[in-house]
Amino acid sequence: MAEPGEEEAVSAEASGFSDMSDSEFLDLEDSQELRAPLSKPSPSSELPGKDGKPISLPKWERGLAVSSPMERFQLRYLCVTDLSTQDWCEQQMVYGKELPGSLSPEKAAVLDTGASIHLARELEVHDLVTIPITSKEDTWAVKFLNMLSMIPTLQSGGHIREFPVFGEVEGVLLVGVIDELHYTAKGELELVELKTRRGPVLPLEAQKKKDRFQVSLYKYIFDAMVQGKVAAARLLHHAKLHPEKPLGPSVLKHAQRGGFSVTSLGDLMELVFLSLTLSDLPVIDILKIEYIHQETAALLGSEIVFFEEKELRNKVQHYLAYWVGRREPQGVDVEEAWKCRTCSYAGICEWRKGGAAHSSMLAPQTK
Ligand code: SF4
């Protein structure tokens, strides 16, 4: 039980959200998604142009007629980490979804350790309770209850951890979890993203780039939420939720304990959207990434990220074009062919076999 004045949150595991603690998926240079995939590989047989722009090929057009990746993977929404993993290598991210269970025990252990560190940090600010859920509406209700308990804590100057964010971007519902939010001594709202490292060294620039993209996307979504730009109807539409459906008994009990008199998801959503827009929460001022050594918990370094909205939007548009079926996945660009050396899918990668990475390593291309 939480002490009076302490915040209490429902555990991510209990809520059934695989995205609730998503940051650990990014701590490996060759990270792969763990979320379950549903179809056999459909490797590319053609290579797109160097400029990265979608190219119309007959095969792609035939693929479009069948289904988009969102449909093939039966996804209602994407996690922020789905997109940031694309930033490392889109083709690798796709293989990770299509070929589950290929994560080595060593990498799985690294992820487990990182998740434990995140959990320990979360427990510093609130207790976790497990709540049985009976429907997807319950799952979202738990997410909303967590938000409703965190917003007042943040307003009163406290730290909050594992804050859910969601919003429609380019017609796709994106969800994520912000590691930490707090106000600085100057009164600025600061986001802190914790990245744990297996070795006592800072990541490569390519990994940092991916991390910067991730936190920038969190800010983009969070800012839209507090500015009232997220429409409840779009969330219901994408997640295929029934707002009138009564919540399960355990969720209802938890809501009552928190002082919320609700019976359905719709009631809760109303409270959340009001709370977000009427609480005077500002947009995020500072984006900070902290790199921590897993074994010693030593801070290896931190970085303040400059938010570039136009660049972010361009990237998001490009990544989502794959998800909605406007183009096929792309492997790494010529300059980043070194990523293939540590990639678990190097042996089967059609992009690599196609020669883009190889040939360019031997013969530098003119930009
Ligand atoms: S082999 Fe290279 S291009 Fe292919 S998935 Fe791995 S990193 Fe990406």
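**Exercise 1. Which residue of S5 is the bridge partner of Val169, and how do the two strands pair?**

Solution. Start with the pair itself: Val172 in S5 is the bridge partner of Val169. Next, take the strands. S4 pairs with S5 (residues 172–183) in the antiparallel sense, over nine bridges. Two strands pair if DSSP finds at least two bridges between them. Helices (H or I, at least four residues) and strands (E, at least two) are DSSP runs, numbered from the N terminus. Then look at the turn. Two residues stand between the strands of this hairpin, and Glu170 takes a positive phi near 50 degrees there.

A note on the basis. This is a predicted model: local features need pLDDT of at least 70, side-chain atom pairs count only at pLDDT 80 or more, and totals for chains, interfaces and linings use all residues. Residues are numbered from 1 along each chain as its sequence is written, and side-chain values use heavy atoms, with hydrogens and water left out.

**Exercise 2. Decide why S4 is largely enclosed by the rest of the structure.**

Solution. Apply the cut-offs: buried means under 20% relative accessible area, exposed over 50%, partly exposed in between (1.4 Å probe, protein chains only). S4 covers residues 160–169, and nine of its ten residues are buried, so the strand is largely enclosed.

**Exercise 3. Find how far Gln317 is from Glu170, in sequence and in space.**

Solution. First place Gln317: it belongs to helix H12 (residues 309–323). Its relative accessibility is 36%, so Gln317 counts as partly exposed. Now compare the separations. Gln317 and Glu170 are 147 residues apart in sequence, but 6.8 Å apart in space, C-alpha to C-alpha.

**Exercise 4. Trace Leu299 to its partner strand and to Thr196.**

Solution. Ile292 stands opposite Leu299 in S8. The strands S7 (residues 286–293) and S8 (residues 299–305) pair in the antiparallel sense over six bridges. Thr196 lies in strand S6 (residues 189–197). At 0% relative accessibility, Thr196 counts as buried. Thr196 and Leu299 are 103 residues apart in sequence and 9.2 Å apart in space, C-alpha to C-alpha.

**Exercise 5. Describe the positive phi values of Ala297 and Gln74.**

Solution. Take Ala297. It lies in the loop between S7 and S8, a hairpin with five residues between the strands. Its phi is near 65 degrees, positive in a residue other than glycine. Ala297 is exposed, at 55% relative accessibility. Now take Gln74. Its phi is about 55 degrees, again positive, although Gln74 is not a glycine. Gln74 sits in the loop between helix H3 (69–72) and strand S2 (78–79). With a relative accessible area of 65%, Gln74 is exposed.

**Exercise 6. Which residues are around the ligand, and how do they divide by type?**

Solution. Count a residue as near if one of its heavy atoms lies within 4 Å of the molecule. The list is Cys89, Gln91, Gln92, Gly331, Val332, Cys340, Cys343, Ala346, Cys349, Trp351 and Arg352. Sort them: Ala, Val, Leu, Ile, Met, Phe, Trp, Tyr, Cys and Pro count as nonpolar, Asp, Glu, Lys and Arg as charged, and the others, Gly among them, as polar. The result is seven nonpolar, three polar and one charged. Helices H5 (90–98) and H13 (350–353) each supply at least two residues of this shell.

**Exercise 7. How many disulfides are there, and are Cys79 and Cys343 buried or exposed?**

Solution. A disulfide is a pair of cysteine sulfur atoms within 2.5 Å. The count is zero. Cys79 is buried at 2% relative accessibility. Cys343 is buried at 16%.
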